[in-house]
Amino acid sequence: MPPTTHKALFLLDEQSHEWVIRERPVSTPGPKDLLIKITATALNPVDWKIQSLGYFVKEFPYVGGTDAAGLVEEVGSEVTNFAKGDRVLFQGWFDNPRATFQQYAVVAAEIAAKIPNTISTDQAATVALALATVVTGLYNHNPQAKSISVGFPAPWEEGGTTKFAGQPVFIIGGASSVGQYAIQVTKLSGFFPIIATASLRHEAFLKSLGATHVIDRTLSAAAIQAEVTKIGGGKPIELVYDAISLADTQPLAYDVLVPGGYLVLSLPDIIPAKKAGDNKTIVSTFGNVQTPENREVGVALYSRLTEWLETGKLVPNRVEVVHNGLAGIIDGLERMKNDQVSGTKLVAHPQETYIVNKPAGGDALVKSERSTIVTHSGGEGLYAAVDTYLVDTTWMRQVSWENRTDAMQTYQHSYTTELKVTQGTEVTVAVNVGAAFEGLSVGVDTSTKTFTTKETTSSETKTMTINVPPRSTLTFYQRQYTFRTSMFFILNAWHQEWNAGSPGGYDIERKTCTVQINSEDYLTTETELTNEGVGTVRVNTVARANNEGDRLTRKRENLTEWAKQQLSKMGI
Ligand SMILES: NC(=O)c1ccc[n+]([C@@H]2O[C@H](COP(=O)([O-])OP(=O)(O)OC[C@H]3O[C@@H](n4cnc5c(N)ncnc54)[C@H](OP(=O)(O)O)[C@@H]3O)[C@@H](O)[C@H]2O)c1
């Protein structure tokens, strides 16, 4: 039996833009529905847009999220093709029973798909929304969908794999979640070549998905257009899919398209100067299979989605799991809003209930030092100024044991200690991140935590023996520490110290990374920690050892040749 209430991430009203975790009733599935226990939910740009910009949601309190995967918990009376315990993926909707930033949601069985064993639940959670944005925009024939779909035959329909064979397609934003599915779906339709813009670091990955050419997205619009024309080899570009659809991409998309061609946008049309009589069809998708006008194409898609995933016709997005269960979504959306997510999808685990404590007053500086990277016989020296901040400490729930007997029960539990760099760049040549934390002592509230070798430079799996008293429940938590490391570089040259600047400017070149340490600290308790909010801890801070203001900054190009070489060697 599912519980009667569960946790969900809410926006409480239109004015307050803050997410909060609250309990709400578990919804009851209708006869054609499934109740899903959500174990993974993906974060999408629409979620932060609703929060920050007040995008189209009018009913509050509102539960966010429309992308998920999990386990079937209950099956509606008329559903015959799913059973309790099936792993499924589905797309949510903008009403609370069907939202996905929560632990349980209902969905119509006809728009849910079983997850094949070849992919993880986290990967499966990345599929629904972005794939729907591509499939509904290209293949919906419903007359009500004229403004949101170009209505091409789908790959599963007659002519759907032959009509476009050998025709080029141009995709803007190939590395975005939507762009990755646009590459794969247009390949299924037979388009060739498949030309995408992206940051070139994603080139090999996008080619593995089916892109035949990846153009550097930082080139000027004119240069990109010239490149597309060259690759197209004189063939007209009759389909452009603009997965980004911002003010700088839409005019490019429009200009690349031949008269009479089709342009699919992922956001509303803001193309400033259209030419009269060019007969270009422009649609702005509404990528959700729950709407009545997208439902038929959605059902057709979901009936073959398991097979597409199982056979590798469709590869899910790459995943980064954000920690702290539903609470982790809040920081994740902030990162997306600040363009700090590239080529991966953030996924959260709503079933994981953690208690997070943040330092009172914000990230706490716990270590500040200067380390020598290299010195030169001519007297020059290059140094790293490294500041380490404690961001939060989290009690991660691992397991619960319920002892219903009148005798003590003994259980074994294994947990692992380790250090992980979860975000940003680890500048290993300059600083070994693990070693920098080994032996670090941090005063948190009334105790002092000193990090051991097993928690930093090496890892260990420990097995504990836990005694659970009669007629009681015990829950095991492991403590995780999250740090932010910020680094800049100091050059000693010309008898003076300089901050190393970035190319072309006086901004100081900085490298940051986020480090998580799954520590040896654990807690067993008969009272579960609750996840109602974020608590605070008092942390002993240190003084900052290196201030940028103590020296002038030199542009990258004006550093010494030696220093430039050293920085390049470190990938900086
Ligand atoms: N209409 C709908 O129903 C619908 C549905 C889904 C999404 N959307 C919208 O579609 C857009 C994309 O969504 P998403 O989930 O795919 O986003 P996403 O995965 O979060 O997008 C991040 C990626 O966008 C790429 N990017 C950013 N600016 C670019 C540019 N000028 N040219 C090329 N690539 C660029 C970045 O590429 P690099 O890594 O190469 O830097 C980054 O990897 C969003 O605005 C979203 O709101 C609309």
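Domain bounds here come from an automatic or database domain assignment. With that in mind, welcome to this predicted model, in which a ligand is surrounded by 28 residues. The shell around that ligand draws at least three residues from each of domain 1 (5-126 + 316-345) and domain 2 (131-284). The protein chain itself comes to eleven helices and 28 strands.

**The chain as a whole**

- The protein chain has 572 residues and a radius of gyration of 27 Å, which agrees with the value near 25 Å that a compact globule of that length would have.
- Taken along the principal axes, the box filled by the C-alpha atoms of the protein chain is roughly 80 × 70 × 45 Å.
- UniProt, in an unreviewed entry, places the feature "domain: Enoyl reductase (ER)" at residues 16-347.
- Within residues 16-347, helix makes up 28% and strand 22%, and the C-alpha atoms at the two ends lie 24 Å apart.

**Who surrounds the ligand**

- Lys49, Ser177, Ser199, Gly287 and Ser342 come nearest to the ligand among the 28 residues around it.
- Several elements each supply at least two residues of the shell around the ligand: helix H1 (45-53), helix H3 (128-139), helix H4 (177-189) and strand E10 (194-198).
- By character, the shell around the ligand holds eleven nonpolar residues, 13 polar ones and four charged ones.

**Backbone contacts and burial of the ligand**

- Thr285 places a backbone N or O atom 3.0 Å from a nitrogen atom of the ligand.
- Gly343 has a polar backbone atom 3.1 Å from an oxygen atom of the ligand.
- Ala243 also takes part, with a backbone N or O atom 3.3 Å from an oxygen atom of the ligand.
- The protein buries 84% of the 930 Å² that the ligand exposes when taken alone.

**Backbone details to look for**

- Phe60 and Pro61 are joined by a cis peptide bond, with omega at about -5°.
- To find Pro61, look in the loop between H1 and strand E4 (62-63); H1 is also one of the helices that supply at least two residues of the ligand shell.
- Phe192 and Pro193 are likewise joined by a cis peptide bond, with an omega of about -5°.
- Pro193 sits in the loop between H4 and E10, and both H4 and E10 each supply at least two residues of the shell around the ligand.
- Asp339 is not a glycine, yet its phi is positive, at about 55°.
- You will find Asp339 in the loop between helix H9 (328-337) and strand E16 (345-348).

Conventions:
Residues are numbered from 1 along each chain as its sequence is written. This is a predicted model: local features need pLDDT of at least 70, side-chain atom pairs count only at pLDDT 80 or more; totals for chains, interfaces and linings use all residues. Side-chain values use heavy atoms; hydrogens and water are left out. A residue is near a molecule or strand if one of its heavy atoms lies within 4 Å of it. A polar contact is a pair of N or O atoms within 3.5 Å; within protein, one must be able to donate a hydrogen and the other to accept it, and residues adjacent in sequence count only if both atoms are side-chain atoms. Accessible areas come from the Shrake-Rupley method with a 1.4 Å probe; for residues, only the protein chains shown count as cover. Helices (H or I, at least four residues) and strands (E, at least two) are DSSP runs, numbered from the N terminus. Ala, Val, Leu, Ile, Met, Phe, Trp, Tyr, Cys and Pro count as nonpolar, Asp, Glu, Lys and Arg as charged, and the others, Gly among them, as polar. UniProt positions are given in the numbering used here, feature names are shortened, and annotations may be inferred rather than shown by experiment. The radius of gyration is taken over C-alpha atoms; the globule rule is 2.2 Å times the number of residues to the power 0.38.
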